[in-house]
Amino acid sequence: MTRTLVYFPLGFIFLVLQTTLLPPMLPLHFKPDLLLILVVYLGLNEGYVRGGALSYLLGCLQDVFAAGYPGLHGLALLCTFLAVRGAAARLNTESPVLLLLLVSAGTLLQAALVLFALGFFAEAGALWMIILKGILPQLLLNLLAACLLLRAAAWLQRRFAPRSRVPGLRGVGRHYGS
C-alpha cells in the first residue's frame, strides 16, 4: 500500500510534466512518455493487481489530460504492463539495461497498440502516418528520459535513503560492485 501511495503521485507528476510543461519546451511537440517509463518499472517490480490497476488508472488519466479517445491510453498502458510483467518472470529485473531495453520495446508496443485501436475502433484517418513518423524520435526521447530518471532515482536514493532498498536501482549506484 505504501508503494502505491508513492507510485500514484509520481505518475501524476509525470503526467503533468508530459502533458503541460514539457511540450512547449521541446521542439516539434515531441515529449518523453514518462508514464510509459513508470509502467515499465511497475511491470518489472510490482504484481499483476497493483501494477495493472495503476497502469490502467494512469493511462485513463492521460486520456483525460490529453483529451484523447477515452480508454485508449489506459488500454495501451495496461497491455504494455502485462507484456513487461509476463517477460519479467524470465529476466533479471535488477538490471538497469533491461529497463532501457524494455522502454524501447514498450514504446514500439504502445505505438502498435494505439495504431491498432485507432484503426479498429475509430475512423482516425491518416493519424497512423503521424504516429509512424514520430516513432523513432519518440523512442530516442524515451530512452534519454529513462537514463536521466535512473540517474536521478539513484542519486535521490543515495542522498535521502541510503539504507533503503528501492527495487530495480541496485545496479545503478556509483559504487555498485566495488
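**Reading helix packing in a predicted model**

Modeller: Let's start with one pair: H2 and helix H3 (residues 48-66) pack at an angle of about 170 degrees, with their axes 10 Å apart. This is a predicted model, in which local features need pLDDT of at least 70 and side-chain atom pairs count only at pLDDT 80 or more, while totals for chains, interfaces and linings use all residues. Residues are numbered from 1 along each chain as its sequence is written, and side-chain values use heavy atoms, leaving out hydrogens and water.

Colleague: What do the helix names, axes and angles refer to?

Modeller: Helices (H or I, at least four residues) and strands (E, at least two) are DSSP runs, numbered from the N terminus. Axes are lines fitted to C-alpha atoms, for helices over the stretch in contact, and angles run from 0 to 180 degrees between N-to-C directions.

Colleague: Are H2 and H3 roughly parallel or roughly antiparallel to each other?

Modeller: Angles under 35 degrees count as roughly parallel, over 145 as roughly antiparallel, 65 to 115 as roughly perpendicular and the rest as oblique. H2 and H3 are therefore roughly antiparallel. Their contact (heavy atoms within 4.5 Å) involves Leu35, Leu38, Val39 and Leu42 of H2 with Gly51, Leu54, Ser55, Leu58 and Gln62 of H3.

Colleague: How do the residues of the contact of H2 with H3 divide?

Modeller: Ala, Val, Leu, Ile, Met, Phe, Trp, Tyr, Cys and Pro count as nonpolar, Asp, Glu, Lys and Arg as charged, and the others, Gly among them, as polar. Here there are six nonpolar, three polar and no charged residues.

Colleague: And at what angle do H2 and H5 pack?

Modeller: Helix H2 (residues 34-45) meets H5 at about 120 degrees, with the axes 9 Å apart. That makes H2 oblique to H5. From H2, the contact includes Tyr41 and Leu44, and from H5, Leu102 and Gly106 are among the residues.

Colleague: Is the crossing of H4 and H5 left-handed or right-handed?

Modeller: A crossing is left-handed if the near helix is turned anticlockwise from the far one by less than a right angle, and right-handed if clockwise. H4 and H5 cross in a right-handed way. Their contact has twelve nonpolar, four polar and no charged residues.

Colleague: Which element has the highest mean pLDDT?

Modeller: pLDDT is the predictor's confidence in each residue, from 0 to 100. H4 has the highest mean among the elements (92), and helix H6 (residues 127-160) the lowest (85). For the protein, the mean is 83, and 89% of residues reach 70 or more.
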